[in-house]
Amino acid sequence: MVDSVIERRPLLSEGVYQDKWSYDFGVVLKGTELVWRQTGDSKYFDYMKKNMDAFIDEDGNIREYHLEHFNIDHINNGKVLITLYEETKDQRYKNAIDLLRRQLRFHPRTSEGVFWHKKVYPFQIWLDGLYMGAPFYAEYIKRYGEEEEFDDVTKQYLLCVKNTKDQETGLLYHAFDEKKVQPWCNPITGHSKNFWGRSMGWFVMGLVDTLSLIPETHRDYPKLVSILEETLIALKNVQDKESSVWYQVLDQGGRKGNYLEASGSSMILYAMAKGVRLQLLDESWIEIAKTTYNGIMDEFITVTQEGLVNLNKNCQVAGLGGPDKRDGTFEYYISEPIITNDLKGVGAFILATAEMEGNFL
């Protein structure tokens, strides 16, 4: 799949792949990094580096990035920059990393201290944002910060769960509005209306990545391990028994228009596989992960005549509110375009299958 990405998305002569500082390609590059670490093939590192070099100037400024937008998505690519800095010690990467860390210092927060998803989504916690911000924040602290700063990272997860968890199913609602005024939220609880597969995928991916970075001695570490296991059990309970993957709207598999969705399924597999490798989950999860891996291969993967790998049935995008007035209903989530080789899905698929093939298959 990584080779297919490289063939489909070659760098232009001036090194510019695209004109957006876009979180989704950061997911692909983290997958590429894992494959590079497992194979030792420098072409994968070079692909990561050239894609990031298209955005980082000689002073470490990031093209197409604006700190004052306070968009948590724009932190995600910093994870790739940390790898590049640690490997090359090129100061411009560190300058760019410090710029992203600066955003977190000033990023607006809920009254409890959780980062808003974006400045344009005030007082809102979205599950997606935990993947975008927390692992970068944790790795920055681990490498360049002070240990007491980890409290702020763990707090993001604990308060997100407090405000989004459905006590009956254990599933997490896509988002929470602290002010309880958004048209998409329950005016009593502040919850959005549904359990969206990819948003829970982002959450468990972010959590397992963060647990790999914070000290096991941290007081919140056992709580976060419990949250990972409890959330994956809730997801296992709504896994489609026939296909062994997950629906776009997780708990409404039989409802007309719902469909088996590739990106969320891949993210959940990654969290399971990495969780077992890190011994955060017991070995009973290995068989569940293997069954899920086979389900993803059967349900979503095709190969073209030219030998390129396709990941089919990805939700292109889904969110809440904004100019499109996305209302968070079941009908909304199934109405967004379903595409092949969406970068968020492809990145998650690379991460998940590298974890599986590198350790359990």
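In helix H4, the residues Gly78, Lys79, Val80, Leu81, Ile82, Thr83, Leu84 and Tyr85 are buried. That makes H4, which runs over residues 78–88, a mostly covered helix, with eight of its eleven residues out of reach as buried positions. The model behind these values is a predicted one. What do the buried residues of H4 pack against? Their partners are H2, helix H3 (42–53), helix H5 (91–106) and helix H6 (127–144). Right after H4 ends, Lys89 takes up a positive phi of about 55°.

Tyr85 turns up again when the aromatic rings are looked at: together with Phe136, Tyr140 and Tyr144, Tyr85 forms one aromatic cluster. Tyr144 also has a charged visitor, since Lys94 lies over the face of its ring, 4.7 Å from the ring centre.

Across the whole structure, a search turns up 15 aromatic pairs. One of them joins Trp36 and Phe45, with ring centres 4.9 Å apart and planes at 45°, so this pair counts as tilted. Trp36 and Phe45 are both buried. Trp196 and Tyr333 make up another aromatic pair, and this one is stacked, with 5.8 Å from centre to centre and 25° between the planes. Why does this pair tie together parts that are 137 residues apart in sequence? Trp196 sits in the loop between strand E2 (175–177) and helix H8 (197–211), while Tyr333 belongs to helix H12 (residues 330–335), so the pair links those two places. As with the tilted pair, both Trp196 and Tyr333 are buried.

A charge over a ring also shows up around Phe55, where Arg63 lies over the ring face at 4.6 Å from the ring centre. Those two residues share a neighbour in Asp19: leaving out residues up to four places away in sequence, Asp19 touches Phe55, Arg63 and Glu64. Asp19 itself is found in the loop between helix H1 (2–8) and helix H2 (23–39). Is Asp19 buried or exposed? Its relative accessible area is 52%, so Asp19 counts as exposed, the cut-off being over 50%. Asp19 and Glu149 are 130 residues apart along the chain, and their C-alpha atoms are separated by 33 Å.

Another charged residue, Arg277, is part of helix H10 (residues 262–277). Its relative accessibility is 36%, so Arg277 counts as partly exposed. Which residues does Arg277 contact, leaving aside its neighbours within four places in sequence? They are Glu355, Asn359 and Phe360. Arg9, on the other hand, is 268 residues from Arg277 in sequence and 31 Å away in space, going from C-alpha to C-alpha.

Finally, the cysteines: how many disulfides are there? The count comes to zero. For Cys185, the closest cysteine sulfur is the one in Cys160, and at 15 Å that is too far for a bond, because a disulfide needs the two sulfur atoms within 2.5 Å. Cys185 is buried, with a relative accessible area of 9%. Cys315 is in no disulfide either, as its nearest cysteine sulfur, again that of Cys160, is 19 Å away. Cys315 is buried too, and its relative accessible area is 0%.

Methods:
Residues numbered from 1 in each chain as written. Predicted model: local features only at pLDDT ≥ 70, side-chain atom pairs only at ≥ 80, totals over all residues. Heavy atoms only, no water. Helix = DSSP H or I, 4+ residues; strand = E, 2+ residues; numbered from the N terminus. Buried < 20%, exposed > 50% of the residue type's maximum accessible area, 1.4 Å probe, protein only. Contact = heavy atoms within 4.5 Å. Phe/Tyr/Trp six-rings, centres within 6.5 Å; stacked < 30°, edge-to-face > 60°. Lys NZ or Arg CZ within 6 Å of the ring centre and 35° of its normal.
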